[in-house]
Amino acid sequence: MTQNTKPGFLAKEHTIAGPGFNRWLVPPAALSIHLCIGMAYGFSVFWLPLSRAIGIKESIECGPEVGFFQELFVTHCDWSIATLGWMYTLFFVLLGSSAAIWGGWLEYVGPRKAGVVSALCWCGGMLLSALGIYLHQFWIMLLGSGVIGGVGLGLGYISPVSTLIKWFPDRRGMATGMAIMGFGGGAMIGSPLATALMKFFATETDVGVMQTLIAMAGIYFIFMMAGALSYRIPATGWQPAGWTPPVPEQNKTMVTHGHVHVKNVFKIKQFWLVWVVLCMNVSAGIGVIGMSSPMLQEVFGGQLIGIDKPFTGLDKAQLASIAGLAAGFTALLSLFNIGGRFVWASLSDWLGRKLTFIVFFVLGGLLYISIPELAMTGNKALFVAAFCLILSMYGGGFATVPAYLADLFGTQMVGAIHGRLLTAWSTAGILGPVVVNYMREYQLSLGLPREQVYNQTMLILAGLLVIGLICNLLIRPVDDKWFMTGAELEEEKRLEYKKIHAHDADEMVYTNIRSHPLTVWLAWLAVGIPLSWGIVNTLITAGKFFS
């Protein structure tokens with residue numbers, strides 16, 4: 001007698017969709033997670049209040065005798081903004097490393113379990129950070145949001161990738177673009193929400209950050225759990241009605257029908273070429289993000305407010321005015337970062353991934369080279385347009401690369417392979433800012449005017465794109481020897497529980513509930529309303545730049 005053990009609710013077997021499931025329910029599930037973890041981009045909204053968590057009105061400085069490691073444990077003085085910024089660094093280092101380490105595990109356990117673990121880590125990390133604020137122990141904050149939250153970031157970021165690509169084999173770029181757009185848009189929602197909550201919770205003796213983190217952890221947990229529990233995966237052999245897989249010999253986008261095992265991906269040159277492609281695109285983009293606001297202010301100075309004075313000749317009130325305009329400029333860039341994730345990824349379905357990245361590198365390089373000239377001629381409109389287009393391609397690179405991987409290495413383990421690739425993001429998160437910041441300081445040390453210190457930096461960033469372009473041009477279809485044999489693929493599917501006892505209908509755990517059209521609309525409204533609210537707030541801020 002065979003004992004029939006039913007899979008648990010979080011098991012991958014329990015998420016297989018039945019014939020009546022509408023695949024358009026999967027993107028809002030992914031968005032609900034990405035919009036929450038995307039707040040990592042907006043955590044800097046907490047730095048200024050936390051830098052006066054004890055002093056309240058003004059920061060109580062620790063003094064030169066207190067170094068970074070002492071600052072992790074001190075309770076008598078406030079943290080510096082530079083120290084708080086290390087949490088931002090940890091976010092993206094842990095995102096890449098955790099995605100690389102647990103990407104393979106995610107493929108076996110499925111997106112639902114990974115999404116639940118991501119929610120527990122991200123929201124639990126925020127709660128632990130709130131405790132760190134209460135005890136004024138920065139090491140607890142680093143452990144909470146930086147390390148534990150960073151793991152949640154990595155798992156949450158890659159959890160929908162493989163699933164969406166399998167649900168949308170006909171529109172891989174668009175599908176991943178929709179989800180990864182949410183990660184870019186998370187700060188648009190989270191930053192104004194955090195600002196409003198801090199204002200609500202602030203008192204004469206408290207800056208309100210601790211309570212804000214607790215409240216946001218609760219809100220995010222609800223959204224992330226709803227998204228994770230809504231994940232479904234297609235049954236074996238499913239494909240969209242009326243869609244015919246492209247024939248490899250006739251396909252210009254290098255879409256393979258084979259599948260590479262994640263354990264072999266580090267041995268394949270195409271993986272490392274794509275790794276460099278992503279790293280160079282992100283390094284240049286992060287460099288621009290880091291310099292956009294100060295560059296605008298220092299290059300145009302008083303011209304931003306109709307005064308013919310350089311940046312160094314402005315008084316305190318004038319500096320405050322142009323800082324407000326720079327905030328609007330930054331908000332505008334965030335919109336293009338988000339929109340580019342969806343638009344460019346969708347276009348890649350028509351252009352092909354390789355050609356899309358060629359456009360990124362060629363057009364981006366020309367824009368980087370042109371920016372110093374635009375700055376010198378004082379053409380603010382073209383200067384802003386160049387930055388907006390650059391940021392759209394920065395976001396587009398993130399959203400297009402998962403589909404690029406699926407084209408080259410197959411869909412079976414694309415989530416795990418994508419996790420390995422995100423170490424390029426971790427590397428770029430260090431490389432880009434280091435190049436920009438040190439070059440700026442070096443140029444200033446030579447006595448160059450502030451409006452000219454970015455010229456060489458732009459050329460260096462353009463050089464990074466040239467490296468990316470060369471690597472992209474070298475990418476060719478993967479050799480057949482790296483693809484799994486039919487027997488190996490079937491074994492992977494068995495281990496993955498993708499095909500469950502097809503011979504016994506009684507043991508199937510398909511989700512045989514037909515999706516009602518109203519359910520699809522409600523799911524999209526659940527993520528569309530907060531996203532629209534964030535976009536409106538960002539447009540209002542961006543409007544200050546043109547007023």
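# Close-up views of a predicted model

The structure holds two cavities of 30 Å³ or more. The model is predicted. The views below show one of these cavities, a pocket and three helix pairs.

**View A. The second largest cavity holds about 50 Å³ of space.** Rolling a probe the size of a water molecule over the atoms shows where empty space is left. Which residues line the second largest cavity? Glycines in the lining include Gly285 and Gly364. Aromatic residues appear too, among them Phe360, Tyr368 and Tyr394. The rest of the lining is Asn281, Ala284, Ile390, Met393 and Leu465. Three helices each supply at least two residues of this lining: helix 10 (269-300), helix 12 (353-377) and helix 13 (380-409). By class, the lining of the cavity has seven nonpolar residues, three polar ones and no charged ones.

**View B. Helix 11 packs against helix 12 at an angle of about 125 degrees.** Helix 11 covers residues 316-351. The axes of the two helices are 7 Å apart. How do these helices lie relative to each other? An angle over 145 degrees would count as roughly antiparallel, and 65 to 115 as roughly perpendicular. The angle here fits neither range, so helix 11 and helix 12 are oblique to each other. From helix 11, Trp344, Ala345, Ser348, Asp349 and Leu351 make the contact. Helix 12 answers with Arg353, Leu355, Thr356, Val359 and Phe360. Phe360 also lines the second largest cavity. The contact of helix 11 with helix 12 divides into six nonpolar, two polar and two charged residues.

**View C. Helix 4 and helix 5 cross at roughly 150 degrees.** Helix 4 spans residues 81-109, and helix 5 spans residues 111-135. Their axes come within 10 Å. Angles over 145 degrees count as roughly antiparallel. Helix 4 and helix 5 are therefore roughly antiparallel to each other. Helix 4 passes helix 5 in a right-handed crossing. On the helix 4 side, the contact uses Phe91, Trp105, Leu106 and Val109. On the helix 5 side, it uses Lys113, Ala114, Val117 and Trp122. Seven of the contact residues are nonpolar, none is polar and one is charged.

**View D. Helix 8 meets helix 18 at an angle of about 60 degrees.** Helix 8 runs over residues 172-201, and helix 18 over residues 517-546. Their axes lie 9 Å apart. Helix 8 and helix 18 are therefore oblique to each other. Is the crossing left-handed or right-handed? Helix 8 passes helix 18 in a left-handed crossing. Helix 8 brings Met178, Met181, Met188, Ile189, Pro192 and Leu193 to the contact. Helix 18 brings Trp524, Pro530, Leu531, Trp533, Gly534, Ile535, Asn537 and Thr538. By class, this contact has 11 nonpolar and three polar residues, with no charged ones.

**View E. The second largest pocket holds about 520 Å³ of space.** The pocket is lined by 24 residues. Which of them are closest to its centre? They are Pro169, Arg172, Trp238, His259 and Thr411. Helix 7 (161-167) and helix 17 (486-496) each supply at least two residues of the lining. The lining of the pocket has 10 nonpolar, 10 polar and four charged residues.

Methods
Residues numbered from 1 in each chain as written. Predicted model: local features only at pLDDT ≥ 70, side-chain atom pairs only at ≥ 80, totals over all residues. Heavy atoms only, no water. 1 Å grid on protein atoms, 1.4 Å probe; cavity = no way out; pocket = protein on both sides within 12 Å on 5 of 7 lines; lining within 4 Å. Points joined across faces, edges and corners; volume = space filled by probe spheres on them. Helix = DSSP H or I, 4+ residues; strand = E, 2+ residues; numbered from the N terminus. Nonpolar A, V, L, I, M, F, W, Y, C, P; charged D, E, K, R; others polar. Axes fitted to C-alpha atoms, helices over the stretch in contact; angles between N-to-C directions. Parallel < 35°, antiparallel > 145°, perpendicular 65-115°, else oblique. Left-handed = near helix turned anticlockwise from the far one by under 90°. Contact = heavy atoms within 4.5 Å.
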